[in-house]
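Hi,

Here is the structure I promised to pass on to you. Have a look at it first, and then read on for what turned up when I went through it.

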Amino acid sequence: YVRSKRNLRSLKLDLSKSKHDNQNEFENKIIELKTLKRSRAQYLKKLELANKTLDMAREQYKHGLISLLDLDRSKLEYQNAQISYISKKYELLRKIEEVNLLLSNKILGKW
């Protein structure tokens, strides 16, 4: 009887610790999610600026103000900005799915 009581107490402590650990993990994931949302917004602004820069470079090239090499640099900067934005977007989606998994919600619309 005493051993059963001790085991029960131990199991309750383990359960309490597990609940606490899960709550901490959830809170950390939510913080990471908010950070990624802000980061994605910054990368979107960077992409928009790179697009404007590329448009300006095309105009300057058309009028002979910059070389083809400078135009290519602008294109490369725009492509790098696109890659960075897409990467952040999918990183955010992955984090959302991690939170859904913790909440036992559907992942990608499926159980």
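R73 and D70 join their side chains in a salt bridge, with 2.8 Å from N to O. Please keep in mind that this comes from a predicted model. Both residues sit in helix α2, three residues apart, which is about one turn of the helix. Neither end of the pair is hidden away: R73 is partly exposed, with a relative accessible area of 43%, and D70 is partly exposed too, at 32% relative accessibility.

Elsewhere, salt bridges that share partners link K29, E32, R94, K95 and E98 into one network. As a general reminder, side chains of opposite charge can pair when their charged atoms come close. In total, the structure holds nine salt bridges.

One pair from that network deserves its own paragraph. K95 makes a salt bridge with E32, and their closest N and O atoms are 2.5 Å apart. K95 belongs to helix α2 and E32 to helix α1 (residues 2-62), so this pair ties together parts that lie 63 residues apart in sequence. Are the two partners buried or exposed? K95 is buried, because its relative accessible area of 9% falls under the 20% limit. E32, by contrast, is partly exposed, with a relative accessible area of 33%.

There is also a pair within helix α1. K62 and E59 meet through their side chains in a salt bridge, at 3.2 Å from N to O. These two residues are three apart in helix α1, so about one helical turn separates them. K62 is exposed, with a relative accessible area of 59%, while E59 counts as partly exposed at 39% relative accessibility.

Now for the overall picture. The chain has two helices and zero strands. Its radius of gyration is 25 Å, well over the 13 Å that the globule rule gives for 111 residues, so the chain is more spread out than a compact globule. Along the principal axes, the C-alpha atoms fill a box of roughly 90 × 25 × 15 Å. Buried residues account for 17% of the 111 residues. The chain exposes about 9,100 Å², and carbon and sulfur atoms supply 56% of that area. If you take the contacts between residues at least 6 apart in sequence, 65% of them join residues at least 24 apart.

Which residues make up the largest nonpolar core? There are nine: L47, A50, L54, A57, I66, L71, Y78, A81 and Y85. Helices α1 and α2 each supply at least two residues of this core. A50 is a good place to start when you look at it on screen: leaving aside residues up to four places away in sequence, A50 touches E77, Y78 and A81. Of these, Y78 and A81 are fellow members of the core.

S74 is worth a look as well. This residue is in helix α2 and counts as buried, at 11% relative accessibility. Its contacts, again without residues up to four places away in sequence, are T53, L54 and A57. L54 and A57 are among the core residues listed above.

Further along helix α2 you will find K88. Although a lysine, K88 is buried, with a relative accessible area of 17%. Setting aside residues up to four places away in sequence, K88 touches S39, R40 and Y43.

Finally, the surface. I86, Y90 and L93 form a nonpolar patch there, with about 300 Å² of accessible area together. I86 lies in helix α2, which covers residues 68-103. With a relative accessible area of 44%, I86 is partly exposed.

If you would like a short route through the model, I would begin with the pair R73 and D70 in helix α2, go on to K95 and its salt bridge with E32, then visit the core around A50, and end at the nonpolar patch of I86, Y90 and L93.

Happy browsing, and do write back with any questions!

Best wishes

How values were computed:
Residues are numbered from 1 along each chain as its sequence is written. This is a predicted model: local features need pLDDT of at least 70, side-chain atom pairs count only at pLDDT 80 or more; totals for chains, interfaces and linings use all residues. Side-chain values use heavy atoms; hydrogens and water are left out. Patches are made of residues with over 30% relative accessible area and no salt bridge: like charges are joined within 9 Å, nonpolar side chains (Val, Leu, Ile, Met, Phe, Trp, Tyr) within 5 Å. Accessible areas come from the Shrake-Rupley method with a 1.4 Å probe; for residues, only the protein chains shown count as cover. A salt bridge is a side-chain nitrogen of Lys or Arg within 4 Å of a carboxyl oxygen of Asp or Glu. Helices (H or I, at least four residues) and strands (E, at least two) are DSSP runs, numbered from the N terminus. Buried means under 20% relative accessible area, exposed over 50%, partly exposed in between (1.4 Å probe, protein chains only). The radius of gyration is taken over C-alpha atoms; the globule rule is 2.2 Å times the number of residues to the power 0.38. Contact means heavy atoms within 4.5 Å. A nonpolar core is a set of buried Ala, Val, Leu, Ile, Met, Phe, Trp, Tyr and Cys residues joined through side-chain atoms within 4.5 Å.
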